[in-house]
Amino acid sequence: MVLLIVLGAWVVLGAAVAAALGRSVRRADQEELGSDRDWDLMIVEDVPHRSA
(Lines give C-alpha, C1' and ligand atoms only; values in the text may rest on other atoms or scores of the structure.)
Protein backbone atom coordinates (compact mmCIF):
# COMPACT_ATOMS: atom_id res chain seq x y z
CA MET A 1 0.00 0.00 0.00
CA VAL A 2 2.82 2.37 0.88
CA LEU A 3 4.48 1.57 -2.44
CA LEU A 4 1.37 2.68 -4.34
CA ILE A 5 1.26 5.97 -2.43
CA VAL A 6 4.94 6.62 -3.12
CA LEU A 7 4.53 5.71 -6.78
CA GLY A 8 1.49 7.99 -7.10
CA ALA A 9 3.35 10.87 -5.46
CA TRP A 10 6.30 10.30 -7.80
CA VAL A 11 4.03 10.44 -10.87
CA VAL A 12 2.33 13.63 -9.63
CA LEU A 13 5.71 15.22 -8.92
CA GLY A 14 6.99 14.25 -12.38
CA ALA A 15 3.90 15.73 -14.04
CA ALA A 16 4.30 18.97 -12.10
CA VAL A 17 7.98 19.25 -13.08
CA ALA A 18 7.16 18.54 -16.74
CA ALA A 19 4.44 21.21 -16.74
CA ALA A 20 6.74 23.77 -15.12
CA LEU A 21 9.54 23.06 -17.60
CA GLY A 22 7.15 23.26 -20.53
CA ARG A 23 5.85 26.65 -19.42
CA SER A 24 9.39 27.93 -18.85
CA VAL A 25 10.52 26.86 -22.30
CA ARG A 26 7.49 28.45 -23.95
CA ARG A 27 7.98 31.69 -22.03
CA ALA A 28 11.69 31.78 -22.92
CA ASP A 29 10.84 31.25 -26.58
CA GLN A 30 8.36 34.11 -26.58
CA GLU A 31 10.42 36.58 -24.57
CA GLU A 32 14.01 35.99 -25.62
CA LEU A 33 13.60 34.87 -29.20
CA GLY A 34 10.72 37.22 -29.92
CA SER A 35 8.50 34.44 -31.19
CA ASP A 36 4.93 35.59 -30.82
CA ARG A 37 3.50 33.49 -33.63
CA ASP A 38 1.04 30.71 -33.09
CA TRP A 39 1.49 28.53 -36.15
CA ASP A 40 -1.67 27.37 -37.87
CA LEU A 41 -0.67 24.04 -39.39
CA MET A 42 -3.69 23.98 -41.70
CA ILE A 43 -2.41 27.10 -43.49
CA VAL A 44 1.12 25.73 -43.68
CA GLU A 45 -0.09 22.42 -45.14
CA ASP A 46 -2.18 24.19 -47.81
CA VAL A 47 0.89 25.90 -49.31
CA PRO A 48 2.13 24.00 -52.38
CA HIS A 49 5.61 22.57 -51.96
CA ARG A 50 8.29 22.35 -54.57
CA SER A 51 9.95 19.02 -55.24
CA ALA A 52 13.72 19.02 -54.92
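This passage describes the helices, the surface and two residues of a predicted model.

The protein chain contains two helices and zero strands. Helix H1 spans residues 2–32. Of the 52 residues in the protein chain, 0% count as buried. The chain exposes about 5400 Å² in total, and carbon and sulfur atoms supply 65% of that area.

Part of this surface is a nonpolar patch. Met 1, Leu 4, Ile 5, Leu 7 and Val 11 together make the patch, which covers about 580 Å². One of these residues, Leu 7, is found in helix H1. Leu 7 has a relative accessible area of 47% and is therefore partly exposed, because that class lies between the cut-offs of 20% and 50%. The value also fits the place of Leu 7 in the patch, because patch residues need over 30% relative accessible area.

Helix H1 also holds Ser 24, and here a polar contact comes into view. The side chain of Ser 24 reaches the backbone oxygen of Ala 20, with 2.9 Å between them. Is Ser 24 buried, exposed or partly exposed? With a relative accessible area of 37%, Ser 24 is partly exposed. Leu 7 and Ser 24 are thus both partly exposed residues of helix H1.

How values were computed:
Residues numbered from 1 in each chain as written. Predicted model: local features only at pLDDT ≥ 70, side-chain atom pairs only at ≥ 80, totals over all residues. Heavy atoms only, no water. Patch = residues over 30% accessible without salt bridge, like charges linked within 9 Å, V, L, I, M, F, W, Y side chains within 5 Å. Areas by Shrake-Rupley, 256 points an atom, 1.4 Å probe, with all protein chains shown as cover. Salt bridge = Lys/Arg side-chain N within 4 Å of Asp/Glu carboxyl O. Helix = DSSP H or I, 4+ residues; strand = E, 2+ residues; numbered from the N terminus. Buried < 20%, exposed > 50% of the residue type's maximum accessible area, 1.4 Å probe, protein only. Polar contact = N/O pair within 3.5 Å; in protein donor to acceptor, adjacent residues only side chain to side chain.
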